[in-house]
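The following exercises concern a predicted model. Each task is followed by a solution that proceeds step by step.

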Amino acid sequence: MVKAYFLAVALALVTVLVYRFLVPGLVSTNSSLLCLVGIILAVAYPALVYIAIKRLVTSISKSLKKDMEV
């Protein structure tokens, strides 16, 4: 359970870092390729976060279900 909390905090921290520093820096660069990478990252990152949260929730629910059976 503690692992899940650490993962949630790490995910929140990475999200702040991505949208506060990485994406604006990539989008405002002079390189068209890096600008495109920044836009793709901004669009694809929420889907990756959704997958990570979904796995986290299923892991927690399996853990709680296992604890209830014992």
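**Exercise 1.** Determine whether Val27 is buried, partly exposed or exposed, and state where Val27 is placed.

*Solution.* Begin with the cut-offs: a residue is buried under 20% relative accessible area and exposed over 50%, and partly exposed in between. The relative accessibility of Val27 is 34%, so Val27 counts as partly exposed. As to its place, Val27 belongs to helix 1. A distance completes the description: 42 Å separates the C-alpha atom of Val27 from that of Leu64, and the two residues are 37 apart along the chain.

**Exercise 2.** Identify the nonpolar surface patch to which Leu64 belongs, and give its accessible area.

*Solution.* Leu64 joins Met1 and Tyr5 in a nonpolar patch on the surface. Together, these residues have about 340 Å² of accessible area. Of the members, Met1 is located in the segment before helix 1.

**Exercise 3.** Which residues line the largest pocket, and which element supplies the largest share?

*Solution.* The lining consists of Met1, Lys3, Ala4, Leu7, Leu56, Ser59, Ile60 and Ser63. Next, assign the lining to elements: helix 1 and helix 2 each provide at least two residues. The largest share, 4 residues, comes from helix 2. The volume of this pocket is about 170 Å³.

**Exercise 4.** Find the aromatic pair in the structure, classify its geometry, and explain what the pair ties together.

*Solution.* A search of the whole structure yields 1 aromatic pair. Its partners are Tyr19 and Tyr45, with 5.7 Å centre to centre and 75° between the planes. Planes over 60 degrees apart count as edge-to-face, and the pair is accordingly edge-to-face. Tyr19 lies in helix 1 (residues 2-27) and Tyr45 in helix 2 (residues 32-69), so the contact ties together parts 26 residues apart in sequence. Finally, consider accessibility: Tyr19, at 35% relative accessibility, counts as partly exposed, whereas Tyr45 is buried, with a relative accessible area of 9%.

Note on methods:
Residues are numbered from 1 along each chain as its sequence is written. This is a predicted model: local features need pLDDT of at least 70, side-chain atom pairs count only at pLDDT 80 or more; totals for chains, interfaces and linings use all residues. Side-chain values use heavy atoms; hydrogens and water are left out. Rings of Phe, Tyr and Trp (its six-membered ring) pair if their centres lie within 6.5 Å; planes under 30 degrees apart count as stacked, over 60 as edge-to-face and the rest as tilted. Buried means under 20% relative accessible area, exposed over 50%, partly exposed in between (1.4 Å probe, protein chains only). Patches are made of residues with over 30% relative accessible area and no salt bridge: like charges are joined within 9 Å, nonpolar side chains (Val, Leu, Ile, Met, Phe, Trp, Tyr) within 5 Å. Accessible areas come from the Shrake-Rupley method with a 1.4 Å probe; for residues, only the protein chains shown count as cover. A salt bridge is a side-chain nitrogen of Lys or Arg within 4 Å of a carboxyl oxygen of Asp or Glu. On a 1 Å grid over the protein atoms alone, a cavity is a set of points where a 1.4 Å probe fits but cannot get out, and a pocket is an open set with protein on both sides within 12 Å along at least five of seven lines; lining residues have an atom within 4 Å of a point. Grid points are joined across faces, edges and corners, and a volume is the space filled by probe spheres set on the points.
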